[in-house]
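Hi,

Here is the structure I said I'd pass on. Have a look at it first, and my notes follow underneath.

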Amino acid sequence: MAYDYVDNHRLYLERSGEARDITAFVGDLTATDDIAALSVELTGTQIVSQWDKYVPKLALQPGDRLRLRNEAAGVDVFVGQLVTVGLDGAITAYDRGWYLGRSGIILQCSGMAADEAIRAACDKAGVGVKSVTSLPTKISEVWLGDAVSDIIADILERCSAETGKEYQARMSPEGLVVRELPTTAIKAFHKPAENLAAFDITWALGQVSGEDSIAELYNAVVLAAEDSGKVYRGAQASNAASIAQYGFLQYVESLSENPGTAQLGQMVRTLLAQKDRVGRTRTVSEIWGCDEVTSGTVLDFNSPAFGIEGRNRVTRVVHHYGGAGHTMELEIEALDEPRAAGGTDAVSVWGLPDTISAGSSGTGGNGSAAGFVSVARGEVGYRESPGNINKYGAWAGNNGAPWCVYFVCWCAAQSSAPIPTGYGGVSEMRSYFQSRGKYKTVASGYIPQAGDLMIQGDRHIGIVVGATRSSVQTVEGNCSNSVRTMTRYYSEISGFCTPWAA
């Protein structure tokens, strides 16, 4: 922590594997870290003088790599790239999180755990992941051209609604970090000089301003979903005391899948508890700097005269380096605010139709088994390009991944077969039919019919085109890098999905 050292921040320009210290040539160095943003913004002004031969010509240009390092602490504070360079010397750089806000991707999730969905989104954008906290919330959704940052924000909002916890995604020099927002305050110190003791920065506040607001308050929450052109209310919660005091303010959360009746009740209670509060925000315009203070950090204040007391979360921090030393501007939000008004929440849970559980997976249509098999046979001989590149993965929005399930989904979509078309995993497809009583194990003695799906554990799937008591004939995608006809023996098979069964 900062009580061990006096700040020594140095700015390095990295080119061709070499680092050059340019601290002396860049002033007004400022790093802005907002809880709502994935990236940190670094700004400054380089010395520019075309006619003074004693002023170094840095020739900074967009794409240059910058590293801001606190040498005293031995840590990198910022690692990123220049995005803009002004003729007046103004520079702006962002860390790798900037790419997640700029890159639009296609992502299709069908019952995928939220943490895996986030990893998949980052992988498509080519941005590394350092750590993602466990997020078991199941995601069934299709994003077409959305920015990765928006997708992550959407996923974390759903996780928060289900678990009652708050989450944050932010970039570190080692990659994206997704964490549960802390609720325990840290001790933040600043050591002004070697011969002076470090002190808790919350003891010395600069100008304080702020407001109390109901602009983000909601005292009624509804969970709803749409299915086949109809809208269903799954659950509702409201606080009559808050409505009487502040007026009726309703928030509607749209669901793309049915989480179950019990989970609907938990979600609607959690959302109301989160949103039925008067917001209290404060801004501290000048406070001593500490690198450990980032967006999401919790600080404990004891300054009732300034309207700041108890635990407060930092929602935005602006670090200033140089001049009078390391200082900060903070925007903080109280954590210990009570509900907006007393009273007991009224909660009603009705549930949602079972058909919504398919979410964006799609349940196909009323095509025939013969048509489904015919489409599959017509693809025999197709070969992937190196790296798992193929038209089925491209169609599903996940090109380059194992594609045996995507092949089945593609054939189902072409033939209007009653098979979900949004899945990418064998276990997801099997679970879909198991939950509907349409899965037969090999041990049951079932002889598959043309159009059934052959399942091999969690690793492979194929389309049945014929069967005897000794073997099964299939058409399979991603089989030796191609679409092939195969003969499988029952000893190789786990079971069969039976989409055509009554």
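Helix α3 covers residues 148–163 (helices, H or I with at least four residues, and strands, E with at least two, are DSSP runs numbered from the N terminus). Its 16 residues should span 22 Å at 1.5 Å a residue, and the end C-alpha atoms are 22 Å apart, so the two agree. The expected span here is 1.5 Å times one less than the number of residues. Buried residues in α3 include Ile151, Ile152, Ile155, Leu156 and Cys159; buried means under 20% relative accessible area, exposed over 50%, and partly exposed in between, with a 1.4 Å probe and protein chains only. Right after α3 comes Gly164, with a positive phi near 80°.

Before you go further: this is a predicted model, where local features need pLDDT of at least 70, side-chain atom pairs count only at pLDDT 80 or more, and totals for chains, interfaces and linings use all residues. Residues are numbered from 1 along each chain as its sequence is written, and side-chain values use heavy atoms, leaving out hydrogens and water.

Now the cores. A nonpolar core is a set of buried Ala, Val, Leu, Ile, Met, Phe, Trp, Tyr and Cys residues joined through side-chain atoms within 4.5 Å. The largest one has 31 residues, and Phe372, Phe407, Met429, Leu453 and Ile461 touch the most other members. At least two residues each come from α6 (369–378), α7 (391–396), α8 (404–415), α9 (426–434), β25 (453–456) and β26 (460–467). The top contributor is α8, with nine residues. Ile461 has contacts (heavy atoms within 4.5 Å) with Val405, Val408, Met429 and Leu453, among others, not counting residues up to four places away in sequence. There is also a second, separate core of 27 residues, with Ile105, Leu107, Val132 and Ala169 among them.

β26 leads on to β27 through a three-residue hairpin. The two strands run antiparallel, joined by four bridges (strands pair if DSSP finds at least two bridges between them), and Ala467 has Val472 in β27 as its bridge partner. Strand β27 (residues 471–479) is largely enclosed by the rest of the structure, because seven of its nine residues are buried. On its other pairing, seven bridges join β27 to β28 (residues 482–489), again antiparallel. Cys479 stands opposite Ser482 in β28. That hairpin has two residues between the strands, and Ser480 in the turn has a positive phi of about 55°.

Cheers
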